[in-house]
Amino acid sequence: MAAPSGIRMAAVFGEAKPEYGGHDPDALPRRPVLFHAHAHSQAPLRVVATDLRSLAWRCSLDLDDLQDLQDDVGIGGSCSDFLDYLCSSFSSAQVKLLFPAAQGPDTAELVATKAKGLPRITLPLHPVAASELKDVIADFSLALYASYKTKQEHASREQERVSQLMESLASERAKNEVMQKQLEALSFLDKRKATKPKLVTDQVPSVPGAPLGSDQVIVPVQKQTSVASPSKVPPAKVPPAKATKRVAHASRRARGVRGALLQDDNDDES
């Protein structure tokens, strides 16, 4: 396995569930055990497991040890590919801290499985001496805080980016609502312009050469009264004159009633 310079694996923190095997549980840790695994160029892989109180285990693997581990696991590819597989395995929920029955209670193994059915990673861990225990736990705590701070900064940047995107989205929605209202208003006006001539055309015959204005009042055909021009009006039929009897003057009628008949001189001459 070729070892490129600057090999690194992102820091991984997790909980390793203890499995006691044939040992007395009272002699083994009862508190939760946390682990920290990371890789860098000086020591490609370092793993520490501790209960943050009185127990700690660790191991350090160089490039040759990593090559042997890769051969034992049966994972092909480069060193970086194998470190990616290790990181995925340690990040899974299938990480255990085993205390083999054939070994003493101080010896432990960190076992990680990326997924069911895939090759299992097994790392032997050695107990930390009492003189180094405080420093190991302190380094573990500082590394855990540094990882937390880094993730918090990433989350803060992501939150800020999400807020900016939400503001931009709200602005675009407001613009779209204004444009939608404008389009609806224009569509309503277009429908009115298109519907009004259609109704008039359905009821009134078009008059060639006569402009149709919005202020004109058009009377439907059914309600129009045809007015003929004077030139086309037929001459009125004049009833024939009838002979009328001459009505005697009132003074003559009065004289007739008295019984005297007076004749005018004009009548005698005739």
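This short presentation covers helix 2, the nonpolar cores and the second largest pocket of a predicted model.

I shall begin with helix 2, which spans residues 79-91. Helix 2 has 13 residues, and the distance from its first C-alpha to its last is 18 Å, close to the 18 Å expected at 1.5 Å a residue. Its buried residues are Cys79, Phe82, Leu83, Tyr85, Leu86, Cys87, Ser89 and Phe90.

Two of these names return when we turn to the largest nonpolar core. This core comprises 33 residues, and Leu86 and Phe90 are among those with the most contacts inside it, together with Leu97, Leu110 and Leu123. Helix 2 contributes the largest share of this core, 7 residues. What does Leu86 touch, leaving aside residues up to four places away in sequence? Its partners are Met9, Leu45, Leu66 and Ile121. Apart from the largest core lies another, of 7 residues, including Ala56, Val128, Val136 and Ile137.

Val136 leads us to the second largest pocket, since that residue also appears in its lining. The pocket has a volume of about 260 Å³. Which elements each supply at least two residues of the lining? They are strand 2 (33-39), strand 3 (45-50), strand 4 (56-61) and helix 3 (130-203). Helix 3 provides the largest share, 4 residues. The lining is formed by His36, His38, Arg46, Val47, Val48, Arg58, Cys59, Ser60, Val136, Asp139, Phe140 and Ala143. By character, these lining residues divide into 6 nonpolar, 3 polar and 3 charged.

To close, I would recall two points: helix 2 supplies the largest share of the largest nonpolar core, and helix 3 supplies the largest share of the lining of the second largest pocket.

How values were computed: Residues numbered from 1 in each chain as written. Predicted model: local features only at pLDDT ≥ 70, side-chain atom pairs only at ≥ 80, totals over all residues. Heavy atoms only, no water. 1 Å grid on protein atoms, 1.4 Å probe; cavity = no way out; pocket = protein on both sides within 12 Å on 5 of 7 lines; lining within 4 Å. Points joined across faces, edges and corners; volume = space filled by probe spheres on them. Nonpolar A, V, L, I, M, F, W, Y, C, P; charged D, E, K, R; others polar. Expected span 1.5 Å × (residues − 1). Buried < 20%, exposed > 50% of the residue type's maximum accessible area, 1.4 Å probe, protein only. Core = buried A, V, L, I, M, F, W, Y, C linked by side-chain atoms within 4.5 Å. Contact = heavy atoms within 4.5 Å.
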